[in-house]
Amino acid sequence: MTRPPAAPRPRLVVLDFDGTLADSFPWFCSVLNGVADRYRFRRVEAHEVEGLRLLGARAIVAHLGIPRWKLPLIARHMHRLAARDAGQIALFPGVPAMLAAVAEAGVPLAILSSNRADTVRRVLGPNNADRIGTYACGASVFGKARRLRTLLARTGVAPDRALCIGDEIRDLEAARALGCPFGAVAWGYTDSRALAALGPEHLFSEPPEIARLVAGEADHMPRLAPGTTLVPLPLPNGS
């Protein structure tokens, strides 16, 4: 069988932050129930965590019983907590080397995040932060597509020449809304099987694979193991 020609190298790599570059999921779990008590939504029990990792953000919001009007309040509070605790959040192993390799390959880097820019820069550290040419931070929970559109307009890169990389279903949805290829990472908030089932253009199992793809040294197509089934947590309304 003839292998299809490789896609052209991206002219821009747009990275999510939490769960993609920063290993913030343990911190997120440690503060979530305190936030739930403050804003009066369902607490998450330990046995629910893996089931929730199979869901997208909209389904999680529904499961926790959070009204849409509360989302900006909760997000701002979480961002304040993240700024307070930024010293407790580290980058995933291999991320600094990946950022350096992509920059060395001459491909510009951008970060598209719901988190605050000052928190993102602090966790990255000066050397890594200086490798990022564009920061598009502070996106609302469901506002990443709009922020991505602005980012692309600012950089002058066509959507099909930008590679978006993230760890959540909402990251994939934002990329698809703009027509950008999407690379899912297997080490973040959302279970990699749930991401692979949605057919991203690439599925990365470790950060160095991102640099190899950008350099044209590898191709990463998503695959689910034969017989894999996803069983998301049932929502309160039974849907």
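Trainee: Which residues lie nearest the centre of the largest cavity?
Mentor: Bear in mind that this is a predicted model, where local features need pLDDT of at least 70 and side-chain atom pairs count only at pLDDT 80 or more, while totals for chains, interfaces and linings use all residues. Residues are numbered from 1 along each chain as its sequence is written, and side-chain values use heavy atoms, with hydrogens and water left out. A cavity is a set of points on a 1 Å grid over the protein atoms alone where a 1.4 Å probe fits but cannot get out, and a lining residue has an atom within 4 Å of a point. Of the 13 lining residues here, those nearest the centre are V14, L112, C164, I165 and D171.

Trainee: Which elements give two or more residues to that lining?
Mentor: Elements are DSSP runs numbered from the N terminus: helices (H or I, at least four residues) and strands (E, at least two). For the largest cavity, they are β1 (12–15), α8 (144–155), β4 (162–166) and α9 (169–178).

Trainee: How much space lies in the largest cavity?
Mentor: Grid points are joined across faces, edges and corners, and the volume is the space filled by probe spheres set on them. For the largest cavity, that gives about 80 Å³.

Trainee: Which residues touch the most other members of the largest nonpolar core?
Mentor: A nonpolar core is a set of buried Ala, Val, Leu, Ile, Met, Phe, Trp, Tyr and Cys residues joined through side-chain atoms within 4.5 Å. This one has 50 residues, and those touching the most other members are F17, L21, F41, L99, I111 and L124.

Trainee: And which helix gives the most to this core?
Mentor: Six of the core's residues come from one helix. Residues 25–39 make up that helix, α1.

Trainee: Is H79 buried or exposed?
Mentor: H79 sits in helix α4. Buried means under 20% relative accessible area, exposed over 50% and partly exposed in between (1.4 Å probe, protein chains only). Since H79 comes out at 17%, we call it buried.

Trainee: Which residues does H79 touch, not counting those up to four places away in sequence?
Mentor: Contact means heavy atoms within 4.5 Å. A polar atom of the H79 side chain lies 2.9 Å from the backbone oxygen of S114, and a polar contact is a pair of N or O atoms within 3.5 Å, where within protein one must be able to donate a hydrogen and the other to accept it, and residues adjacent in sequence count only if both atoms are side-chain atoms. The full set for H79 is S114, N115, R116 and T119.

Definitions and conventions:
On a 1 Å grid over the protein atoms alone, a cavity is a set of points where a 1.4 Å probe fits but cannot get out, and a pocket is an open set with protein on both sides within 12 Å along at least five of seven lines; lining residues have an atom within 4 Å of a point.
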